[in-house]
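Biologist: Please take a close look at one part of this model for me, and then connect it with its surroundings. I would like the cut-offs spelled out as you go.

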Amino acid sequence: MGPLRAFAAAILSLAAAALPAAAQTPATESIQIGLSTDAISITAGFSGADLTIFGSLENPDPLVARQGRYDVIVVLEGPARPVVVRRKDRVLGVWINLESETFENVPVSYSVATTRPLQDITEPNSYKQLSLGASNLYMQPAEPSDSPMTIEEFTSALRERKAATGLYSENVGGVQFLSQNLFRATVRLAPNIPVGTHKARAFLFKSGMFVKESSAQLEIRKSGFEQSIFRVAHDYSFLYGVFAVSLAMLTGWLGRIVFRKD
Amino acid sequence: MGIYLPIAEISVNVFVLLAMGAAVGFLSGMFGVGGGFLITPLLIFYNIPPAIAVATGANQVIASSFSGALSHFKRGTLDFKLGGVLLAGGIVGSTAGIYVFALLRRLGQLDLFISLLYVALLGTVGGLMLVESVNALRASRSGAAPVLKKSGQHNWIHRLPFKMRFRASKLFVSVIPVLGLGAAIGFLSSIMGVGGGFIMVPALIYLLKVPTNVVIGTSLFQIIFTSAYTTLVHATTNQTVDVILAFLLMAGGVAGAQYGAKAGQRLRGEQLRALLALLVLAVAIRLAIDLFVTPPNRYSLAGLT
């Protein structure tokens with residue numbers, strides 16, 4: 001029930017720093033992120049939390065770093081699943097689900113943390129190329145033959161609904177440099193975060209140019225009594241049904257004995 | 001005190017659910033109905049997804065009808081043969097209902113269909129009951145003796161073939177309407193999460209002319225097994241039965257039912273029926289309003305099922 005205490009610890013690449021600086025060509029920057037654990041468990045009453053991911057820059061140019069021209073974007077992306085988006089329309093006064101559009105491989109969750117507002121970091125085009133940011137995620141329609149207008153409408157409705165439920169979030173200023181090398185990213189985990197394999201990715205930009213990407217995997221599991229029930233209901237559904245029926249009969253019988261008034 | 005429902009996947013207040021169960025149990029004890037038709041809409045008003053409200057409602061109905069059927073069994077006011085034939089129909093109807101349920105869910109029309117069925121059925125039953133009980137109240141006030149239909153009269157139903165003798169009910173009737181009635185109730189049970197007593201009881205009395213003393217026991221007997229079957233199939237095909245939710249409702253329900261039954265003995269039949277009719281109509285109107293009010297968001301997301 002308590003706040004999530006999953007911290008991803010730093011992998012401080014001291015080794016990289018200790019490399020002989022004698023390399024003639026200026027070493028290119030790269031980025032590393034590390035998670036202290038590859039799996040976290042949340043209980044059923046989970047009400048959302050912040051996940052902190054530490055990371056480091058390797059071979060940063062001290063001048064660029066001082067001028068603050070390094071930018072980092074960290075994304076925690078949930079497993080991809082198909083989604084049906086439905087639209088209600090009024091028929092004879094009654095609101096009915098009429099039109100729908102199915103999208104394949106939509107990330108269930110998508111939390112972004114950045115050093116600065118996205119539009120200040122780089123060009124919209126490079127976001128598109130990297131498929132970075134909730135608004136640049138490509139949602140693959142199951143029926144690409146539908147009119148582009150419809151697809152566009154349902155795609156934006158999908159993003160809007162995901163943002164409204166907190167599954168797609170953006171934390172501007174969520175990445176902070178602790179030193180020239182070390183940074184800390186805080187991404188939001190929504191209360192309804194899906195279980196499964198999540199992918200943490202970090203993107204490094206230097207003066208608006210994309211430099212390098214690094215990723216790590218994180219398994220999110222639910223634990224606790226309620227989750228056991230959920231698992232039994234899905235894995236042993238027939239036995240679960242038998243149990244539900246027996247429980248009802250037992251309650252009915254006991255209730256009669258305990259509360260009998262006749 | 002909050003509790004997380006594992007299947008509905010939302011947090012709810014334990015006391016709200018216990019109170020809901022107790023209130024419906026009280027009413028069901030008072031009026032001699034199962035209460036499924038009140039539980040499911042109440043759960044929907046409480047933001048439980050309709051698919052889960054229906055399946056869990058069916059589960060809850062087992063508890064209340066089991067406890068009711070036990071006392072009828074002890075008094076011997078239960079026709080097992082009639083109940084068995086009704087049940088055979090019920091299994092068929094319930095299976096069809098589950099299939100339709102899964103289909104509608106896939107099409108995204110389940111919530112709408114459940115609401116429409118409730119509005120239509122509760123509106124009709126509530127309206128008829130209200131008219132009947134108001135007439136009865138008027139008649140008793142003006143002092144006129146209530147006009148009773150002759151129960152021995154035969155109608156078209158009694159001319160159908162495949163007759164069968166039901167000794168406990170002193171009945172010799174075709175199995176077709178009995179099976180049909182069972183199937184209709186089974187269908188409603190799986191789509192609406194109701195026991196169906198509020199349709200079964202009048203149908204047995206007025207259509208099949210079953211003696212009133214065995215009607216409730218027999219109807220409860222059939223409802224136990226139809227809703228048990230419905231619960232089982234919902235659990236296996238749709239995974240929509242939430243035991244935690246069902247248990248809280250049952251616990252409140254069985255307690256409330258015993259007190260309700262006692263309170264019911266102090267009220268007169270017509271008044272009781274008029275009150276129930278008003279309640280049923282209120283639920284129907286509330287559900288109807290939701291159909292017409294502009295939703296806060298026109299778009300909704302769903303996984304592929």
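Modeller: Chain B holds ten helices and five strands, where helices (H or I, at least four residues) and strands (E, at least two) are DSSP runs numbered from the N terminus. The radius of gyration of chain B is 19 Å, close to the 19 Å that the globule rule gives for 305 residues, so chain B is as compact as a globular protein of that length. That radius is taken over C-alpha atoms, and the rule is 2.2 Å times the number of residues to the power 0.38. Please keep in mind that this is a predicted model, in which local features need pLDDT of at least 70 and side-chain atom pairs count only at pLDDT 80 or more, while totals for chains, interfaces and linings use all residues. Residues are numbered from 1 along each chain as its sequence is written, and chains are lettered from A and ligands numbered from 1 in the order in which they are written.

Along its principal axes, the C-alpha trace of chain B spans about 55 × 45 × 40 Å. Of the 305 residues in chain B, 50% are buried; a residue is buried if 20 or more other C-beta atoms lie within 10 Å of its own, exposed if 12 or fewer, and partly exposed in between, with C-beta atoms placed from the backbone. Among contacts in chain B between residues at least 6 apart in sequence, 81% join residues at least 24 apart. Two residues are in contact if their C-beta atoms, placed from the backbone, lie within 7 Å.

Now for two helices of chain B. Helix α6(B), residues 175-192, has 18 residues and reaches 25 Å from its first C-alpha to its last, close to the 26 Å expected at 1.5 Å a residue. The expected span is 1.5 Å times one less than the number of residues in the helix. The buried residues of α6(B) include B:Val178, B:Leu181, B:Ile185 and B:Phe187, and the helix is followed by B:Gly193, whose phi is positive, near 70°. Helix α8(B), residues 212-238, has 27 residues that should span 39 Å at 1.5 Å a residue; its end C-alpha atoms are 37 Å apart, which agrees. Since 22 of those 27 residues are buried, α8(B) is largely enclosed by the rest of the structure. Just after α8(B), B:Gln239 takes a positive phi of about 50°.

Strand β2(B), residues 10-13, offers a single residue to zoom in on, B:Val12. B:Val12 is buried, with 21 other C-beta atoms within 10 Å. Leaving aside neighbours within four places in sequence, B:Val12 is in contact with B:Gly2, B:Ile3, B:Leu5 and B:Leu17. The C-alpha atoms of B:Val12 and B:Ala257, 245 residues apart along the chain, are separated by 23 Å.

Next comes the partner chain. Here 44 residues of chain A are in contact with 44 residues of chain B. On the chain A side, β6 (80-91), β7 (94-107), α5 (148-164), α6 (225-235) and α7 (237-259) each supply at least two residues, and α7(A) gives the most, with 17 residues. By class, this side has 24 nonpolar, eleven polar and nine charged residues. Ala, Val, Leu, Ile, Met, Phe, Trp, Tyr, Cys and Pro count as nonpolar, Asp, Glu, Lys and Arg as charged, and the others, Gly among them, as polar.

The two chains also share strand pairing, for which DSSP must find at least two bridges between the strands. Five bridges join β6(A) to β5(B), residues 299-303, and these strands run antiparallel. There, A:Val84 stands opposite B:Ala302.

Within chain A, an open sheet of six strands has the order β3-β14-β13-β5-β8-β10, with mixed pairing. Its edge strands are β3(A), residues 39-43, and β10(A), residues 168-172, each pairing on one side only. At one edge, five bridges join β3(A) to β14(A), residues 209-223, in parallel, with A:Ala39 opposite A:Glu219. The covered face of β3(A) carries A:Ile40 and A:Ile42, and its uncovered face A:Ala39, A:Ser41 and A:Thr43. At the other edge, β8(A), residues 110-114, pairs with β10(A) in the parallel sense over five bridges, and A:Thr114 has A:Val172 as its bridge partner.
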